[in-house]
Structure formats: C-alpha cells, structure tokens
Amino acid sequence: MGVEASNSRRLWELGKSTERMGIDRRRFIGTTMAAGIGLGAGVRACPVPRGRAAAVQTGRSPDIVVVGAGTFGLWTALHLQRLGARVTVIDAYGPANSRSTSGGETRGVRTSYGDREHGLHWTRWAGQAIERWTEWDELGRDRLLPRVFFTTGDLIMREETSQYIEQTRAQWDTVGTPYELLTADEIEYRWPWIRFDNLGIALYEPAAGVVRARRALESVAQVFEDEGGTIQIGRASIGVRDGRSLQSVTVEGGDSLRGDITLFACGPWFPKEFPSLMANRIRISIGHVFYFALPPGDTRFAFPNMPSYGVPGCTGWPALPPDHRGFRVRTGGRPGDDPDTSDRWIPPESHERPRQVLERHFPDLVGAAINETRACHYESSVTRNFIIDHHPDLDNVWLLGGGSAEAFKFGPVLGEYIAKRVLDMDDEPELAEGFALTDEEFGARGR
Ligand SMILES: Cc1cc2nc3c(=O)[nH]c(=O)nc-3n(C[C@H](O)[C@H](O)[C@H](O)COP(=O)(O)OP(=O)(O)OC[C@H]3O[C@@H](n4cnc5c(N)ncnc54)[C@H](O)[C@@H]3O)c2cc1C
C-alpha cells in the first residue's frame with residue numbers, strides 16, 4: 001500500500017485544494033478511502049442520538065463499578081452501559097483531571113507500531129480507532145460536542161532506515177494502511193518550514209491525526225451521564241471480600257459502593273493502589289510536553305498546514321483550532337513520582353532539549369516563547385502491551401491499564417473490547433493472552 005512520492009503528488013494537491021475550498025479534510029480522506037485506498041471497515045459510531053434507547057439488554061443487568069475516569073475507565077463505562085449494564089464511575093479527581101495521564105491537552109493517533117512485539121495488532125486497532133474518532137466528531141456535532149479529532153497526517157523522519165521503519169511498513173502493507181515514502185524534495189515542496197536536510201528517510205501516514213484529549217474525555221463523560229451513567233468523586237479501594245469475590249469498594253470518607261463486578265482503571269496510580277501486585281509490573285515516569293507560541297498570524301505550524309511528526313527522541317504536532325495552544329514538542333522527562341503529589345511543572349534545565357529540536361528541524365520557531373507545558377506520568381507495562389485481566393485473587397475484579405505511552409488513541413476500541421469481555425461477550429478470544437497480567441516483573445529480561 002506504500003505510495004512513492006511522485007505518484008502521490010496529485011492526491012496531495014487534491015487534498016490541499018479541498019482544504020482551501022473549505023471542504024473538511026476528514027471528509028476528503030474518508031472519500032478517498034471509500035474509493036479504495038482506505039482503512040478497514042469501521043465499527044460502530046460512538047455518541048448515539050439523544051432519546052434513542054442506548055443499551056442492548058441481554059438478561060439481568062449487572063451493576064458495575066469502574067474506578068478511574070481516564071481513557072480506560074470512561075470508554076469502558078460507556079460501552080458497558082450501552083450493552084445494558086448499570087455503571088457507576090468513581091474517580092479521585094474527576095474525568096480528564098490534570099493529574100491523570102488522559103488529562104493532557106492533546107494525544108497523537110497514529111498506527112506505526114513496528115517497534116512492538118504486538119505491533120500488527122495495535123496497527124489494526126489504531127486504524128479502527130481513527131474511524132471511531134471521526135465518527136465521534138460527526139455524531140457529536142448534533143449534540144454540540146466540541147470537535148476533538150484532527151486529521152493531520154503523521155510524518156516519521158529518521159536519519160536512516162531501521163528495524164522500526166521496515167517493520168512498520170511491513171505491518172502497514174499487511175493491514176492495507178495507506179502511506180507514502182517521501183523524498184527530501186517532496187518534504188521541501190509540501191512543508192518548506194520543516195528542515196529535513198540532515199535526515200534521510202521519511203514515512204508519511206495521511207490518515208493519522210491528533211485528538212484533543214482532555215476535551216474528548218469530557219465529552220465521553222457527558223455522553224455517559226446523558227445516557228444514564230453516574231460519575232462520583234472519591235478515592236476507592238478494595239473493600240469487603242468474601243472468598244474470591246469482592247463484595248464492596250471502600251470510598252475514602254464516604255459510603256462504600258457495591259457492584260457485581262468492579263473494574264480498576266487506575267493508570268499511574270496502580271503501583272500505589274496495589275503495591276504488592278503492581279509495584280514491579282507497572283513502571284511510572286514523567287513525560288514533558290511543551291507548547292510553543294506561533295508568530296502572530298503565522299499559520300505554517302498550525303493545522304492543517306503541518307503534519308504531526310516524529311524525530312528521534314521526540315514527537316509533536318501543529319497547533320490545533322480553535323484556540324491554537326501552540327506547536328507541540330514532547331521530549332523525554334524525568335523519573336516517576338507519587339501521582340497525587342508530584343509537581344507538574346517542567347524545570348528550566350529541561351527546556352534545552354525541545355529548543356534543540358526546534359533548532360534542528362523547525363528553525364523558524366527558534367526563540368519561540370513557551371505558551372504552556374504539561375508534565376504527566378506514563379504507566380508502562382513489562383510487555384509494553386495493555387493489561388486487561390482479572391485480579392488474580394478476586395474473580396469479579398478486573399485490572400485495566402498499562403497504556404505504555406500509547407493508550408489514549410485506542411480508547412473507543414479498547415472500551416468496547418473490554419466491555420464485551422467483562423460481560424462474557426468477547427468475540428476476539430485470541431487477543432486475551434496478549435493482555436494477561438503475567439508473572440514477569442521489571443528487572444527481568446533486562447527491562
Ligand atoms: C507525555 C505523554 C504523552 C503521551 N502521548 C500519547 C499519544 O500521543 N497517544 C496516545 O494514544 N497516548 C499517549 N500517551 C499515553 C496515554 O495518555 C495513556 O496511556 C492513557 O491516557 C492512560 O489512561 P488510563 O485510563 O490508564 O490512566 P489515567 O488517565 O491516569 O486515568 C486513571 C484515573 O484513575 C483515577 N484513580 C486512580 N486511582 C484511583 C482510586 N484509587 N480511586 C479513584 N480514582 C482513582 C485517577 O484520578 C485518574 O483519573 C501519552 C502519555 C504521556 C504521559
């Protein structure tokens with residue numbers, strides 16, 4: 001499915017002219033995909049119109065408690081509810097709060113996973129997620145939800161080819177994901193404000209995009225509540241047990257909650273909430289994100305004139321409408337800390353690295369002011385895959401997390417998959433093993 005630069009120029013020009021004519025770029029890509037170069041068949045849309053019966057009732061409706069209103073918890077809660085469960089979500093601070101990993105301003109949505117053992121599966125799911133985000137916006141318009149997904153395209157730039165590049169291309173070829181291999185001339189032609197002359201290889205994925213993360217989860221929370229769900233603020237922990245069954249969840253300073261099933265989706269709090277089980281199975285560190293100011297009136301580094309990008313050690317993307325918070329640069333960060341008490345500012349000594357990225361790749365932004373920064377925890381699993389499994393000692397408790405720096409984009413797909421598993425409606429049983437909570441811990445296998 002890869003397209004050489006010269007063959008793709010026409011498609012590119014057509015896409016740009018639809019932008020200029022005011023035609024939505026997402027619709028353009030959707031149209032070209034329908035014409036035969038698209039992603040696989042989509043799965044269901046997300047917000048259902050107001051007033052329509054949302055849930056498909058199958059037998060008795062279970063009561064389910066979901067602890068954690070990040071991308072894992074909220075999307076799962078919404079899908080559980082639509083499948084007929086009565087769902088209460090409880091979060092210590094609230095949906096998309098600024099201490100959570102899902103509470104960042106933006107998250108990238110790309111399908112390039114040549115660096116993961118389970119990369120082929122993630123490539124497939126990420127492709128489905130792109131369709132779901134697009135549908136979410138289309139249906140959300142009727143409910144006056146803010147637009148959250150922007151099809152920016154994603155440009156991976158490297159000095160030379162590598163296992164990651166080759167494996168990503170192989171996976172894209174297998175799945176049928178459209179992509180282009182671009183030359184330096186082509187990059188210069190499309191985005192003259194990107195400095196590529198010190199690099200050697202570029203892969204472009206036109207359907208990739210960026211999601212306004214915090215707004216997206218606020219919208220999911222709103223839809224969940226509109227459709228009958230309950231969201232409560234409180235810190236929850238394992239409460240009364242009866243053998244291998246959890247009878248209730250303890251809420252700090254409040255009434256306990258009873259559920260037939262309880263899901264813990266605690267993100268970087270897992271090692272703190274379940275120390276003996278998770279301290280060595282989830283590793284947390286802090287990532288640093290910078291949003292640089294654009295020169296007044298300069299739209300080159302804003303959507304739709306700039307793709308999201310990846311260069312060694314850094315990813316980022318254009319400023320997004322409507323508020324154009326800034327040109328995003330994410331660099332490494334610092335060791336993890338207690339997610340309840342860690343400071344979320346970025347010390348000045350860590351400002352040097354993103355400025356080097358500007359200097360090397362986006363020289364017209366050298367000296368740009370920092371509009372804002374975000375520091376948040378990653379929560380990585382040993383396998384770098386998600387954890388979706390029963391608690392080893394409690395049959396009616398599930399543990400959901402291990403996003404490994406990538407889970408936000410998968411929310412709409414993950415939520416449905418998890419909801420079906422929890423309700424014994426799993427139609428992809430072959431996937432479960434990959435998400436198992438294994439005995440493996442950090443320290444083994446040199447991880
Ligand atoms: C800098 C950075 C960049 C990233 N970039 C991307 C990207 O480009 N694309 C992408 O897809 N992903 C990206 N990720 C990863 C993605 O954001 C995470 O994988 C995902 O958001 C994790 O969601 P979660 O639901 O597991 O955790 P969280 O969002 O942290 O949610 C956990 C929630 O549980 C609550 N909680 C915890 N314990 C309790 C308790 N005991 N009682 C009540 N509530 C509790 C917390 O308050 C929190 O709201 C990035 C992450 C970081 C840090």
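**Briefing: two sheets and the helix pair α3/α7**

Strand β2 (residues 63–67) and strand β15 (residues 261–264) run parallel and are joined by 4 bridges. One residue pairing in that ladder is I64 with its bridge partner I261 in β15. The model is predicted. The points below cover the sheet that holds these strands, a second sheet, and the helices α3 and α7 that pack against each other.

**The six-stranded sheet**

- β2 and β15 belong to an open sheet of 6 strands, whose order is β10-β3-β2-β15-β22-β21.
- Pairing within this sheet is mixed.
- At the edges are β10 (230–233) and β21 (387–391), and each of them pairs on one side only.
- On average, neighbouring strands in this sheet are turned by 20° against each other, with direction ignored.
- Helix α3 lies across four strands of the model, namely β2, β3 (86–91), β15 and β22 (394–401).
- The direction of α3 is at about 165° to that of β3.

**The helix pair**

- Two packed helices are described by the angle between their axes and the distance between the axes.
- For helix α3 (residues 71–82) and helix α7 (residues 213–226), the angle is about 30° and the axes are 10 Å apart.
- Because angles under 35 degrees count as roughly parallel, α3 is roughly parallel to α7.
- The crossing of α3 past α7 is left-handed.
- On the α3 side, the contact is made by T71, L74, W75, A77, L78 and Q81.
- On the α7 side, L217, V220, A221, V223 and F224 make the contact.
- Sorted by class, the residues in this contact are 9 nonpolar and 2 polar, with no charged residues.

**The three-stranded sheet**

- A further open sheet has 3 strands in the order β4-β9-β5, with antiparallel pairing.
- β4 (106–109) and β5 (149–150) stand at the edges with a single partner strand each, so one side of each has no neighbour in the sheet.
- β5 pairs with strand β9 (residues 209–212) over 2 bridges, in the antiparallel sense.
- Within that pairing, F150 stands opposite V210 in β9.
- α7 packs on this sheet and touches β4 and β9.
- The direction of α7 makes about 60° with that of β9.

**How the parts connect**

- α3 lies across strands including β2 and β15, which are strands of the six-stranded sheet.
- α7 packs on the sheet of β4, β9 and β5, and α7 also packs with α3.

How values were computed: Residues are numbered from 1 along each chain as its sequence is written. This is a predicted model: local features need pLDDT of at least 70, side-chain atom pairs count only at pLDDT 80 or more; totals for chains, interfaces and linings use all residues. Axes are lines fitted to C-alpha atoms, for helices over the stretch in contact, and angles run from 0 to 180 degrees between N-to-C directions. Angles under 35 degrees count as roughly parallel, over 145 as roughly antiparallel, 65 to 115 as roughly perpendicular and the rest as oblique. A crossing is left-handed if the near helix is turned anticlockwise from the far one by less than a right angle, and right-handed if clockwise. Two residues are in contact if their C-beta atoms, placed from the backbone, lie within 7 Å. Ala, Val, Leu, Ile, Met, Phe, Trp, Tyr, Cys and Pro count as nonpolar, Asp, Glu, Lys and Arg as charged, and the others, Gly among them, as polar. Two strands pair if DSSP finds at least two bridges between them.
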